[in-house]
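Here is a short set of exercises to work through with the viewer open. Try each task yourself before reading its solution.

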Amino acid sequence: MANTGKKTRGRQNIEIKMIENEDDRLITFSKRKPFTFGHPSIESIANRFLNGNIHVIDDTHALIEAHRIVRINKLIWLYNEVKRQIDASNKIQKVLAQQITSEIDSNCWELYERYSHFSKLLDLLHISRS
């Protein structure tokens with residue numbers, strides 16, 4: 001008699017979890033999911049093909065432009081924030097410099113240390129700004 005047992009384990013339920021290896025994850029994604037990419041877009045190319053040579057308005061450029069404007073506004077905000085911090089540290093530095101030159105007591109060293117810390121902070125802000 002022939003062996004009638006199963007040769008494979010058949011369809012099984014597996015635990016759904018994140019695939020850690022990026023290459024394996026991309027391979028699984030490309031095998032299991034319908035995914036398309038086209039520029040300007042798949043829909044506009046299909047519409048152009050189906051409707052003949054009728055030009056279909058594509059909003060891809062508008063999306064790119066909107067994204068660019070958002071990024072520029074964020075960079076402007078960051079620049080202004082860094083500039084405000086630099087201006088504030090410059091004011092503190094001037095006040096500390098005046099206190100150092102006007103006071104000649106035991107606190108002079110403490111003020112000098114604060115002044116040097118703020119000078120270092122100012123240098124770091126200038127570096128991050130550039």
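**Exercise 1.** In which helix do K83 and D87 lie, and how many residues apart are they?

*Solution.* A bit of bookkeeping before we start. This is a predicted model, so local features need pLDDT of at least 70 and side-chain atom pairs count only at pLDDT 80 or more, while totals for chains, interfaces and linings use all residues. Residues are numbered from 1 along each chain as its sequence is written, and side-chain values use heavy atoms, with hydrogens and water left out.

Step 1: find the helix. K83 and D87 both sit in helix α3, where helices are DSSP runs of H or I with at least four residues, strands are runs of E with at least two, and numbering starts at the N terminus.

Step 2: count along the sequence. The two are 4 residues apart, about one turn of the helix.

Step 3: check the contact. K83 makes a salt bridge with D87, with 3.6 Å between the closest N and O atoms; the criterion is a side-chain nitrogen of Lys or Arg within 4 Å of a carboxyl oxygen of Asp or Glu.

Step 4: look at the exposure. K83 has a relative accessible area of 33% and is partly exposed. D87 is also partly exposed, at 33%. The classes run like this: buried is under 20% relative accessible area, exposed is over 50%, and partly exposed is in between (1.4 Å probe, protein chains only).

**Exercise 2.** Find how many salt bridges a search of the whole structure gives, then go through the Arg–Glu pairs.

*Solution.* Step 1: the search of the whole structure returns 3 salt bridges.

Step 2: take R68 and E65. Their closest N and O atoms are 2.5 Å apart, and both residues belong to helix α3, 3 residues apart, or about one turn. R68 is partly exposed at 42% relative accessible area, and E65 is partly exposed at 28%.

Step 3: take R84 and E81. Here the N to O distance is 2.6 Å, again with both residues in helix α3 and 3 residues apart, about one turn of the helix. R84 counts as partly exposed because its relative accessible area is 48%; E81, at 22%, is partly exposed too.

**Exercise 3.** Work out the overall fold pattern, then find which parts of the sequence meet in space.

*Solution.* Step 1: count elements. The chain has 4 helices and 0 strands, which reads as α-α-α-α along the sequence. Of its 130 residues, 12% count as buried.

Step 2: start from L125, in helix α4 (residues 108–129). L125 counts as buried because its relative accessibility is 12%. From L125 to K83 is 42 residues in sequence, but 8.6 Å in space, C-alpha to C-alpha.

Step 3: try N90, which lies in helix α3 and is partly exposed at 25%. N90 and F118 are 28 residues apart in sequence, with C-alpha atoms 8.5 Å apart.

Step 4: finish with Y79, also found in helix α3 and partly exposed at 39%. Y79 and S128 are separated by 49 residues in sequence and by 9.9 Å in space, C-alpha to C-alpha.

**Exercise 4.** Which residues make the nonpolar surface patch of about 340 Å²?

*Solution.* Step 1: the patch is made by L75, W77 and L78. Patch members need over 30% relative accessible area and no salt bridge; nonpolar side chains (Val, Leu, Ile, Met, Phe, Trp, Tyr) are joined within 5 Å, like charges within 9 Å. Areas come from the Shrake-Rupley method with a 1.4 Å probe, and for residues only the protein chains shown count as cover.

Step 2: zoom in on W77. W77 lies in helix α3 (residues 60–102) and counts as exposed because its relative accessibility is 53%.

**Exercise 5.** Describe the largest pocket by volume, lining and class.

*Solution.* Step 1: its volume is about 250 Å³. On a 1 Å grid over the protein atoms alone, a pocket is an open set of points where a 1.4 Å probe fits, with protein on both sides within 12 Å along at least five of seven lines; lining residues have an atom within 4 Å of a point. The volume is the space filled by probe spheres set on the points, which are joined across faces, edges and corners.

Step 2: the lining consists of I14, E15, I16, K17, M18, I19, T28 and R32.

Step 3: sort by class. The lining of the largest pocket has 4 nonpolar, 1 polar and 3 charged residues, with Ala, Val, Leu, Ile, Met, Phe, Trp, Tyr, Cys and Pro taken as nonpolar, Asp, Glu, Lys and Arg as charged, and the others, Gly among them, as polar.
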